[in-house]
Amino acid sequence: MTIASMTGFARTEGQHDGLAWAWELKSVNGRGLDIRTRLPQGFDGLEALVRQKLGEALKRGNVSVNLTIERKATDTGIRINRAVLDQVLALQADLAGKVDSAPPRLEALLSVRGIVEAGEEEADTQEARAAREAALAKGLHEAVAKLAAARLEEGGRLAAILTGHLERIAALTVQAGTIAAAQPEALKARLRQQVTELLEASPALPEEKLAQEAALLAARADIREELDRLAAHVAAAGDLMKEGALIGRRFDFLCQEFNREANTLCSKSSDVELTRIGLELKAVIDQLKEQVQNVE
């Protein structure tokens, strides 16, 4: 199965009965599924449908949903507000004996604000509302499908990056194993020199005690278990990649295990080159973990 990213964007547009609309869905990484909606006034009833559709298609991510609505201009005609007209005429009659002026002309009356009004749109019928909501629901379904497809497409690119990091970790683990294989002889020679110096400085020091210390030091420097676990973690990560669906949380936990082994390797290292490899391992594992944060 294909890995899905939590990052994606989708937009759908449509028209229905003088109404133009656009759905915009944006998704980024998150611990769970967090949905935030911005719906125009009067369309709040669609929120339940939004959450249902996204809950069916996605399992993780912070998703922002925005619906914009634009009503097309329609020929609704005009009408005269007779109440306002009567008030203006009554005021003119009241001032007729006080102000010397000619009777108001028609164009002057029509220019008075509030006298001429646009005709009101007819009220929505139940059937019209149902048809409009059905069109919006269809657009939402298409947007959710596009978002899921975008997340899968981004997941394909993400998988290539993760594979590259895992291959680098595997290669560094092999290099560390090659250096670690030569460590016992180098450690033995160093211990032999240190034991000689200690015996010369303190002849009374029991050789049995020295042997115990030497064995303890050798055990502390042994990184074979860490290398074996790193190799096992690489194999486990490969299995997760093949599984594909909903692996983000488990992959994130595996990154913590990777990091723990790399830290232990660095702490046990008594070789400059092995320490360098351990530090590079930590850097690659951090890059891997950063990318895994986007996996659903």
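**Entry 1: Glu280**

I began with Glu280 and listed its contacts beyond four places in sequence, which are Arg168 and Leu172. The model I am reading is a predicted one. I placed Glu280 in helix H8, which covers residues 272–292. I then looked up its accessibility and noted 24% in relative terms, so Glu280 counts as partly exposed. I also took a C-alpha to C-alpha distance from Glu280 to Ala262: the two are 9.2 Å apart in space and 18 residues apart in sequence.

**Entry 2: the chain as a whole**

I next turned to the overall composition. I recorded eight helices and six strands. Following the sequence, I wrote down their succession as β-β-β-α-β-β-α-α-β-α-α-α-α-α. The chain has 296 residues, and I noted that 32% of them count as buried. For the accessible surface I entered about 18,100 Å², with 54% of it belonging to carbon and sulfur atoms. I also looked up how contacts are spread along the sequence: of those with a separation of 6 or more, 79% join residues 24 or more positions apart.

**Entry 3: the four-stranded sheet**

Which order do the strands of the open sheet have? I read S1-S2-S4-S3 for its four strands, and the pairing is mixed. I marked strand S1 (8–16) and strand S3 (33–38) as the edge strands, since each pairs on one side only. For the angle between neighbouring strands of this sheet, direction ignored, I entered an average of 15 degrees.

I then went through the pairings. S2 and strand S4 (residues 61–71) run antiparallel and are joined by 10 bridges. Within this pairing, I found Ala22 bridged to Thr68 of S4, and Leu25 bridged to Val65 of S4. S3 and S4, in contrast, run parallel, with six bridges between them. Here I noted that Thr37 has Val65 in S4 as its bridge partner. Val65 thus enters my notes twice, as partner of Leu25 and as partner of Thr37.

**Entry 4: helix H1 and the crossover**

I returned to the S2 and S4 pair, which 10 bridges join. Helix H1 (residues 47–57) packs on the sheet and touches S2, S3 and S4. I entered about 150 degrees for the angle between the direction of H1 and that of S3. What is the handedness of the β-α-β unit made by S3, H1 and S4? I recorded this unit as left-handed.

**Entry 5: Ser27**

I looked up Ser27 in strand S2, which spans residues 19–28. Is Ser27 buried or exposed? I noted a relative accessible area of 1%, which means that Ser27 is buried, the cut-off being under 20%. Which side chain makes a polar contact with that of Ser27? I found the side chain of Arg151 as the partner, at 2.6 Å. I then listed the residues that Ser27 touches, leaving out those up to four places away in sequence: Met6, Thr7, Gly8, Asn62, Val63, Leu147 and Arg151. Arg151 therefore appears both in this contact list and as the polar partner of Ser27.

**Entry 6: two residues with positive phi**

I checked Asp17, which sits in the loop between S1 and S2. Its phi is positive, at about 50 degrees, although Asp17 is not a glycine. With a relative accessible area of 69%, Asp17 is exposed.

I then checked Leu246, in the loop between helix H6 (224–243) and helix H7 (248–268). Leu246 also is a residue other than glycine with a positive phi, near 50 degrees. Its relative accessibility is 46%, so I entered Leu246 as partly exposed.

**Entry 7: Ser269**

My last entry concerns Ser269, in the loop between H7 and H8. I noted a relative accessible area of 15%, so this loop residue counts as buried. A polar atom of the Ser269 side chain lies 2.9 Å from the backbone oxygen of Asp271. Setting aside neighbours within four places in sequence, I found Ser269 in contact with Leu274 and Thr275.

Terms used:
Residues are numbered from 1 along each chain as its sequence is written. This is a predicted model: local features need pLDDT of at least 70, side-chain atom pairs count only at pLDDT 80 or more; totals for chains, interfaces and linings use all residues. Side-chain values use heavy atoms; hydrogens and water are left out. Buried means under 20% relative accessible area, exposed over 50%, partly exposed in between (1.4 Å probe, protein chains only). A polar contact is a pair of N or O atoms within 3.5 Å; within protein, one must be able to donate a hydrogen and the other to accept it, and residues adjacent in sequence count only if both atoms are side-chain atoms. Contact means heavy atoms within 4.5 Å. Accessible areas come from the Shrake-Rupley method with a 1.4 Å probe; for residues, only the protein chains shown count as cover. Two strands pair if DSSP finds at least two bridges between them. Axes are lines fitted to C-alpha atoms, for helices over the stretch in contact, and angles run from 0 to 180 degrees between N-to-C directions. A crossover is right-handed if, with the strands pointing away from the viewer, the path from the first strand over the helix to the second runs clockwise.
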